[in-house]
Amino acid sequence: MTDLNQLKFTKTHEWVRLEGSKAVVGITEHAQGEISDVVFVELPKKGKQVKQAEEAAVVESVKAAFSIYAPVSGTVAKVNESLVADPGAINRSPYEEGWIFSLEPAHVQEAETLMTKEQYDAWVKGGGH
Amino acid sequence: MSSSSEEITQTVDTLKRTALYPLHVRLHAKFAPFGGWEMPIYYSSILQEHRCVRTRVGVFDVSHLGHLELNGPKAVEQANPLVTQDLTRLEVGRAVYTPMLNEKGCILDEMIFYRLGPDRIRLVVNASNADKIKEWVGRRLGPGCELADLRRSVGTLAVQGPEAVPLLERLAGISRAETPRYSARQVTVAGRPVWLARTGYTGEDGFEIFAAVDDLTVIWETLLEGGRSVGIQPIGLGARDTLRLEAGLPLGGSDLDEQTTPLEAGLEWTVRWDKGPFIGREVLERQRKQGIKRRLAGFRLTESGIPRHGYPIFHQDQEVGQVTSGTFLPEGAGAIGLGYLPPIAAVPGVAIAVLIHGRKVPAKVAALPFYRRKR
């Protein structure tokens, strides 16, 4: 099980996990519940450069298309190809099987601007959108 | 994560809530604004609820629908010129689906007229258009017909799916033969007087129940309790939208608007040319002679992606129209949509493409409806 206290969170409901030189990105449990029924994921291309808070992927549910923003700037290192055949993994397992892509961060310290699990939960509870 | 969908970012300050709002909260519904109301969009999952209605039965709180009533000896006579269907042929206890047009022959809204008595007609209209229709109808009535706005006092529950008819046979003590499709009659459910109408917006058989707002809770609970053995579930507006789209039923405000005539929208079957004058008739007659320039068509994507309202449609590399409704269906049925195309392209089998996030995704025009229930 992922220790959620090791993750950092954005106000746009992405999580990021720093693993050595990689930053793995996905969406939160709260976000998957809001989106419901993920049926299609548009993954970024490997090598694509993204800036913090820029759109990096698109997750589509029956309800709507949702932009997924890069929690930190960097270069896309890996994408979760298994989501093409099994987009529902984002709903079932948002912190593990449902990871979306990883980045080679350009400035690791950007992660410090993000929220901790506790801060994120309090922010969601306060009606943050 | 963020969505471009307007309904999600719309302010929630001024939204109305139905009498069942506290029950929806208890059922962990996800809410979204719809036509000025804060409505349950889904309880478990849109796809799962869609399947429940197609295979078993679901109950929907659709109390956002606007109920208006025309009462008086001239009700039929005065309402008839306002619609394309012929209300003089509408027998007491029967219902009819009809568009209401403006002078340009374009669709103000589509609705169902229920003839509840010789001098009594109930109109059930889309929530977002209810004020507009009330004003439009009200201005055109004369002596002998009164317009009543029942929106504060009447709510609607829809019970839809293959198990809906047996369920109401049990709970309302009716037989299916006495309540044919497009009929409405007074019965009691949970000891409360209701109008039971064999109408719906899902492509399945079933009923819409019109009840006093104060009775909705006990009726809702009776339906859920009585239907438990056949797997009934509460269904949100998300699945209502995917169900109606799969059944090829256009949505007012999305697929139909004040720039669209019934001939363009594939609703010519609702136009009774043999009736007398009605608002918009001259325009429709002209259009029938000259031919239409665009027509509502269904399509199916042949590669992955989801078409959504407003996405451009291409035919032979030309942008020819826009998606008006689109969704993804369960059971690997893929993505479907509706949109307006030139008549030459609006033919089943024609190859088109939909622009989705900058990518032209191939699609094929499909015959409507996408889904037809087994009878």
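Modeller: A residue counts as buried if 20 or more other C-beta atoms lie within 10 Å of its own, as exposed if 12 or fewer do, and as partly exposed in between, with the C-beta atoms placed from the backbone. By that criterion, buried residues make up 45% of the 129 residues in chain A.

Colleague: Which kind of model is this, and how is it numbered?

Modeller: This is a predicted model, in which local features need pLDDT of at least 70 and side-chain atom pairs count only at pLDDT 80 or more, while totals for chains, interfaces and linings use all residues. Residues are numbered from 1 along each chain as its sequence is written, and chains are lettered from A and ligands numbered from 1 in the order in which they are written.

Colleague: What is the secondary structure of chain A?

Modeller: Chain A has four helices and nine strands. Helices (H or I, at least four residues) and strands (E, at least two) are DSSP runs, numbered from the N terminus. Their order from the N terminus is β-β-β-α-β-β-β-β-β-α-α-β-α.

Colleague: And the radius of gyration of chain A? What would a compact globule have?

Modeller: Chain A has 13 Å, which agrees with the value near 14 Å for a compact globule of 129 residues. The radius is taken over C-alpha atoms, and the globule rule is 2.2 Å times the number of residues to the power 0.38. Along the principal axes, the C-alpha atoms of chain A fill a box of roughly 35 × 35 × 25 Å.

Colleague: Same topic for chain B: how many helices and strands?

Modeller: Chain B comes to nine helices and 20 strands. Its radius of gyration is 21 Å, close to the 21 Å that the globule rule gives for 375 residues, so chain B is as compact as a globular protein of that length. The C-alpha trace of chain B spans about 60 × 50 × 45 Å along its principal axes, and 47% of the 375 residues are buried.

Colleague: On to the interface. How many residues does each chain give to the contact?

Modeller: Chain A gives 20 residues and chain B gives 21 residues. Two residues are in contact if their C-beta atoms, placed from the backbone, lie within 7 Å. On the side of chain A, the elements giving two or more residues are helix 1 (29-35), strand 4 (38-42), strand 6 (55-61) and strand 7 (65-69). Strand 7 of chain A supplies the largest share, four residues.

Colleague: What is that side of chain A like by class?

Modeller: It has ten nonpolar, four polar and six charged residues. Ala, Val, Leu, Ile, Met, Phe, Trp, Tyr, Cys and Pro count as nonpolar, Asp, Glu, Lys and Arg as charged, and the others, Gly among them, as polar.

Colleague: Which strands make up the open sheet of four?

Modeller: The order is 4(A)-6(A)-7(A)-1(B), with antiparallel pairing; two strands pair if DSSP finds at least two bridges between them. Strand 4 of chain A and strand 1 of chain B are the edge strands, each pairing on one side only. Strand 7 of chain A and strand 1 (residues 2-3) of chain B have two bridges, and F66(A) stands opposite S3(B). Strands 6 and 7 of chain A pair over five bridges, where E60(A) stands opposite A65(A).

Colleague: Is V58(A) buried or exposed?

Modeller: V58(A) is partly exposed, with 17 other C-beta atoms within 10 Å. Its place is in strand 6 of chain A. Beyond its neighbours within four places in sequence, the contacts of V58(A) include F66(A), I68(A) and, from chain B, H357(B).

Colleague: Now the largest nonpolar core: which members touch the most others?

Modeller: Of its 140 residues, these are L157(B), V159(B) and I209(B). Strand 7 (residues 107-117) of chain B gives the most to this core, with seven residues. Such a core is a set of buried Ala, Val, Leu, Ile, Met, Phe, Trp, Tyr and Cys residues joined through C-beta atoms within 7 Å.

Colleague: Why is strand 13 of chain B called largely enclosed?

Modeller: Six of the seven residues of strand 13 (residues 206-212) are buried, so the rest of the structure largely encloses this strand. Seven bridges join strand 13 of chain B to strand 10 (residues 154-160), running antiparallel, and V159(B) stands opposite F207(B). Three bridges join strand 13 of chain B to strand 12 (residues 192-197), also antiparallel.
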